[in-house]
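Here are some exercises on reading a structure, each with a worked solution. Have the viewer open and try each task before you read on.

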Amino acid sequence: MATTTGTAPARTGPGAAAPAPGRTSEHRSTKTGSVAWMAIPAVAFFAFFGAVPLVGVFVLSFMQWDGLSPSPTWLGLGNWTSILTDPVMWRAMGLTFGIMIFSWLVQTPISLLLGVFTAGTQKYRAVLAVLYFLPLLMSAAAISIAFKALLDPNFGLAASLGVPWLALNWLGDPTLVLFVVIFVLSWMYVPFHSLLYQGGVQQIPKQMYEAASIDGAGTVRQFFSITLPQLKYTIITSSTLMVVGSMTAFDLIFVLTGGGPGNSTRVLALDMYLRAFRANQMGPGSVIACLIVLIGLGLALFLRRLGGKDANSSQMEGL
Amino acid sequence: MLAMAPLAGAALSACGTSGPGGSSGGGGDGKASWWYLSGDPNETIRKDNIASWNEANADSTIDITFFQNDAYKTKIKTAIGAGQAPTMIYGWGGGTLASYAAAGQVMDLTDWLDQNPDVKNAVLPASYGPATIDGKVYAYPNENASPIIFYYNKRVFEKVGVSAPPTTWDELMSLVDTFNQAGVAPIGLAGQSRWTSMMWLEYLFDRQGGPQVFDAIFKGEADAWSNPDAIAALTLTQDLVKAKGFIQGFESITADSNADQALMYTDKVAMMLHGSWTYAGMKNDGGDFVSGGNLGWFDFPTISGGKGDPKDTCGNPGQYTSISSGASEEAVQVAKDFFAKGIMSEEIVQKFVDSGQVCIAASAADKFAASEDKDFLEYAYGLTANAPVFQQSWDQALSPATAEALLSNIDQLFSLSITPQQFADNMNATLGQ
Amino acid sequence: MATATDSSTRGATTSRSRSSKRPNWVGGLMGWVWLGVIVVPIYWIVITSLKPSSEYFTTNPLLPSASPTFDAYQLVLENDFARYFINSVLVTLGAVVPAVLISFMAAFAIVRGKSRFLRLSSGFLLMGLAVPLQATIIPLYLMIIRLQLYNSLLAVILPSIAFAIPLAVLVLGNFIRDVPNELFESMRLDGTSEWGTAWRLAFPLVRPAIVTVSIYTGLQVWNGFLLPLIFTDRQELRVLPLALWTFQGQYSVNVPAVLAAVVLSTLPIVVFYVIGRRQLVSGLTAGFSK
């Protein structure tokens with residue numbers, strides 16, 4: 001088992017693209033006409049519960065349904081026009097992008113540095129591993145609830161400590177609350193991403209660093225010239241997951257702020273839920289869902305293109 | 001791992017609702033279901049109520065489930081839409097009830113009530129208003145009327161040296177300064193629940209311009225929200241927020257857990273505008289706060305130059321229970337029996353009165369004088385019975401979609417993110433929905 | 001070069017001491033600061049959950065209670081915690097087991113097979129990676145209603161399986177591709193069917209990936225909130241995150257109780273993690289770094 005795990009990571013990185021095609025064509029050339037059916041359960045399952053709802057979202061966006069009557073009825077473009085002219089939706093979109101970008105700006109450097117750090121240390125690795133990973137094990141609901149109690153201006157940690165600058169209106173001030181959301185998101189996801197970076201760093205051949213040291217490059221220079229470029233694929237993967245993740249972050253925000261105060265944290269995912277299930281407007285809610293899907297797809301494609309052809313091919317090639 | 005699959009499968013199939021036979025409204029013989037709000041004292045009252053009902057009626061039992069207020073309002077709609085509504089649906093009448101009726105999801109009770117005059121007349125006639133849609137009654141009024149009361153904490157008032165609660169808006173505003181200077185939050189508010197903030201607007205609109213302001217809105221008249229009185233009321237609200245009238249952090253306090261009531265009985269705030277049911281809550285959870293005579297109340301202040309009658313009140317004229325039209329015949333029968341004999345039985349009426357609530361049973365008024373909460377009950381009852389106008393809570397009177405827009409705008413108004421004019425513009429766009 | 005690097009990067013640090021010590025200044029500082037950021041809230045959660053609720057308002061929040069009590073925990077357990085725990089277990093196993101099995105089958109077919117259907121399938125599933133579950137809940141709600149699955153654990157399980165498939169197929173496929181073709185050839189020469197080959201050869205060999213995918217999916221489902229929120233309303237069907245939320249709504253003034261619920265809902269996973277840590281970490285780094 002150790003060998004398998006060991007050989008696996010060796011294939012990553014730009015240089016590893018070469019062996020991949022050879023192996024896959026080897027696989028493919030064997031007579032395997034009879035395996036196709038094995039893929040049917042998974043494809044059927046995903047088609048039914050994944051692809052059909054996806055089409056459904058698009059179709060429902062042209063229909064009217066309040067969730068109470070038995071069936072939706074055709075409406076036409078009405079929902080689209082009302083949503084695309086609704087300032088609340090545009091605000092939600094702005095908030096979503098804002099949180100996405102700021103989350104990335106906060107989480108990526110921290111995860112990167114942490115990943116590099118944990119890849120190196122050996123001494124406290126066991127203890128660190130357990131502690132660092134803890135936030136990832138908690139559900140978003142649990143984390144939000146804990147922070148909600150902690151930040152309560154009247155009954156929380158800050159209030160009891162009696163330190164005024166700490167007892168700000170964290171969850172009630174429209175601007176502060178955004179920082180809180182980004183902080184809690186980071187608290188929850190940095191462990192995961194630092195793990196990705198840790199894995200990525202562990203695959204950088206040490207010869208590269210040694211060669212650079214011999215050439216006289218300093219620590220910082222080596223970091224920027226070797227570590228970062230070698231981590232390109234990891235950065236793309238991590239960023240894609242991070243960006244799509246923060247765009248669809250519903251649980252955390254729903255429990256922490258419910259979209260408030262006012263509309264200050266009403267991101268797209270929340271806007272969709274509130275329109276559909278609270279205001280009984282499934283049609284407009286579906287429009288928002290369509291927007292989320294389109295943006296998600298767009299971002300994923302964009303990031304993949306940013307990663308360059310090789311990242312693309314080493315994934316696609318194998319399949 | 002593979003061996004677990006059949007086990008899991010067996011367990012799972014036991015957990016789901018069955019196929020075509022498993023319709024809504026509690027599917028089995030003689031078994032009805034009821035969804036109700038959590039929170040004492042009513043939660044315990046109803047729990048006991050159902051327990052003794054089930055004992056006495058072993059073949060027509062009722063299954064009661066409790067939900068928090070805000071979660072309930074969303075959950076009930078998804079359940080109704082899924083055809084999984086409980087037999088008996090707890091509600092507030094008005095626009096939401098109208099939307100259920102329009103979707104054919106609740107039963108028309110008009111004829112049944114006419115055929116059972118004892119049941120019909122067991123509750124005050126005035127309470128049928130919010131239950132009546134287009135002349136037909138879709139819910140049975142029961143439980144208690146909840147006028148919105150302006151409470152004050154006598155202990156805090158004494159400590160800060162304020163002798164009497166305010167009678168005019170200007171007095172209120174100056175008290176806000178007094179309390180802030182003394183380091184006590186003037187008013188407690190569970191802003192995150194939003195309908196709590198709405199209570200302020202309901203009173204201000206009426207005091208400023210009389211009931212006709214909201215009436216126009218309810219009727220869907222164009223630009224009804226831009227009425228100068230409405231704008232004035234909205235402005236006054238923001239003045240109060242800007243003067244730090246509400247406790248720091250109010251935007252993230254929810255009413256579900258009674259956190260706002262806790263602020264009152266832990267002396268963190270001086271005043272609170274809230275429904276009359278909170279008296280029972282504070283009496284229950286606040287130790288000797290209520291019993292020690294520390295809780296006071298006063299009429300909502302008047303506004304100088306305002307057109308509204310100072311005796312107008314707002315709130316909920318009662319609680320409204322509907323019967324799901326998808327329920328089985330047996331379940332409906334159980335529900336009707338319960339309406340006739342259980343939901344407002346003598347015992348229950350007495351319990352409501354004992355807990356300090358304004359029961360709308362025709363027989364309740366006599367009981368108030370004998371109660372230990374006589375002062376409060378007679379005040380609240382007077383408020384209800386003598387009000388020239390008793391305005392139903394806006395978020396229940398209006399349609400669900402409008403209500404959601406309203407609450408959302410109220411949220412922004414109170415967090416000072418929009419101006420009164422923008423509020424009016426936003427809400428005008430929802431008129432007639 | 002590949003093998004050499006692996007054994008050296010995975011092995012003792014002494015040979016890499018120069019390459020790894022370099023970023024340690026900034027990285028080290030960041031590491032300790034972040035450790036504090038993680039530990040302080042968790043510490044607060046644990047000690048507060050052990051405080052008697054009357055003490056909560058009066059004592060220093062950062063010091064443990066002088067008279068710690070399990071009252072809060074008792075309250076949580078009395079509130080049907082065991083049932084919610086079981087529901088979570090049922091839902092998680094019910095989703096993970098089928099998801100992993102059928103994803104493995106699909107991944108095997110895609111890697112080993114050669115038909116148009118398979119090529120299309122793999123593209124199809126890959127696109128699925130970009131579809132967020134949240135965006136599909138409205139039509140899912142309609143579908144669940146029509147299938148009469150509302151208020152059942154199946155309503156939570158089935159979509160969870162579906163959305164776990166794309167990533168699982170991707171990761172498993174990567175690992176299956178690593179299995180040397182000669183091994184497949186020898187099985188084929190022995191006359192073993194593809195089905196046999198899949199389960200007797202490939203499955204055991206990609207065990208780390210199976211573990212990784214199972215744990216990753218399991219964690220997602222265990223902590224899932226949205227599906228239970230919308231598709232269940234009966235109290236006896238609640239899973240832990242949902243139960244936690246309703247509990248908090250009811251008892252939010254009793255902070256020790258709320259935090260005890262948080263601790264209890266996380267404890268099973270923490271125990272699981274401490275036991276299976278090595279597997280998870282190595283699996284994750286290997287699986288996702290591809």
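The exercises below go through helix pairs, a sheet and domain contacts in this predicted model.

**Exercise 1. Two helices of chain C**

Task: Work out how α7(C) and α9(C) are oriented to each other, and which residues make the contact.

Solution:
- Step 1. Find helix α7 at residues 116-128 of chain C and helix α9 at residues 153-178 of chain C. Their axes come within 8 Å and cross at roughly 120°.
- Step 2. Turn the angle into a word. Angles of 65 to 115 degrees count as roughly perpendicular and those over 145 as roughly antiparallel. The pair α7(C) and α9(C) is therefore oblique.
- Step 3. Add the hand: α7(C) and α9(C) cross in a left-handed way.
- Step 4. Pick out the residues that touch. From α7(C) these are L125(C), L126(C) and G128(C), and from α9(C) they are I165(C), P166(C), V169(C) and L170(C).
- Step 5. Sort the contact of α7(C) with α9(C) by class: six residues are nonpolar, one is polar and none is charged.

**Exercise 2. Another partner for α9(C)**

Task: Describe how α6(C) passes α9(C): is the crossing left-handed or right-handed?

Solution:
- Step 1. Locate helix α6 at residues 81-112 of chain C. The axes of α6(C) and α9(C) come within 6 Å, with a crossing angle of roughly 40°.
- Step 2. The crossing of α6(C) with α9(C) is right-handed.
- Step 3. Count the contact of α6(C) with α9(C) by class: 22 nonpolar, five polar and one charged residues.

**Exercise 3. A helix pair in chain A**

Task: Find which residues of α10(A) and α11(A) make their contact.

Solution:
- Step 1. Helix α10 covers residues 206-214 of chain A and helix α11 covers residues 219-230 of chain A. Their axes come within 11 Å and cross at roughly 145°.
- Step 2. The crossing of α10(A) and α11(A) is right-handed.
- Step 3. M208(A), Y209(A) and A212(A) of α10(A) meet Q222(A), S225(A) and I226(A) of α11(A).
- Step 4. By class, the contact of α10(A) with α11(A) holds four nonpolar, two polar and no charged residues.

**Exercise 4. The sheet of chain B**

Task: Write down the strand order of the five-stranded open sheet in chain B, and say which strands stand at the edges.

Solution:
- Step 1. The order is β2-β1-β3-β12-β6 in chain B, and the pairing is mixed.
- Step 2. Look at the ends. β2 (61-67) and β6 (140-142) of chain B each have a single partner strand, so one side of each lacks a neighbour in the sheet.
- Step 3. Check the twist: neighbouring strands of this sheet are turned by 25° against each other on average, direction ignored.
- Step 4. Zoom in on one pair. Strand β1 (residues 31-37) of chain B runs parallel to β2(B) and is joined to β2(B) by seven bridges. For S33(B), the bridge partner in β2(B) is D63(B).
- Step 5. Now see what covers the strands. Helix α14 (residues 329-341) of chain B lies across β1, β2, β3 (88-91), β6 and β12 (319-323) of chain B, at about 55° to β1(B).

**Exercise 5. Where domains meet**

Task: For chain B and then chain C, find which element gives the most residues to the side of domain 1 that touches domain 2.

Solution:
- Step 1. In chain B, domain 1 is 28-143 + 318-363 and domain 2 is 146-315 + 391-428. Their C-alpha centres lie 29 Å apart.
- Step 2. The contact takes 18 residues from domain 1 of chain B and 19 residues from domain 2 of chain B.
- Step 3. On the domain 1 side in chain B, α3 (69-81) and α4 (94-102) each supply at least two residues, and α4(B) gives the most, with five residues.
- Step 4. That side of domain 1 of chain B has five nonpolar, eleven polar and two charged residues.
- Step 5. In chain C, domain 1 is 2-71 and domain 2 is 75-288. Here eight residues of domain 1 of chain C touch nine residues of domain 2 of chain C.
- Step 6. On the domain 1 side in chain C, α3 (24-49) and α4 (53-56) give two or more residues, and α3(C) gives the most, with four residues.
- Step 7. By class, that side of domain 1 of chain C has three nonpolar, three polar and two charged residues.

Note on methods:
Residues are numbered from 1 along each chain as its sequence is written. Chains are lettered from A and ligands numbered from 1 in the order in which they are written. This is a predicted model: local features need pLDDT of at least 70, side-chain atom pairs count only at pLDDT 80 or more; totals for chains, interfaces and linings use all residues. Axes are lines fitted to C-alpha atoms, for helices over the stretch in contact, and angles run from 0 to 180 degrees between N-to-C directions. Angles under 35 degrees count as roughly parallel, over 145 as roughly antiparallel, 65 to 115 as roughly perpendicular and the rest as oblique. A crossing is left-handed if the near helix is turned anticlockwise from the far one by less than a right angle, and right-handed if clockwise. Two residues are in contact if their C-beta atoms, placed from the backbone, lie within 7 Å. Ala, Val, Leu, Ile, Met, Phe, Trp, Tyr, Cys and Pro count as nonpolar, Asp, Glu, Lys and Arg as charged, and the others, Gly among them, as polar. Two strands pair if DSSP finds at least two bridges between them. Domain bounds come from an automatic or database domain assignment.
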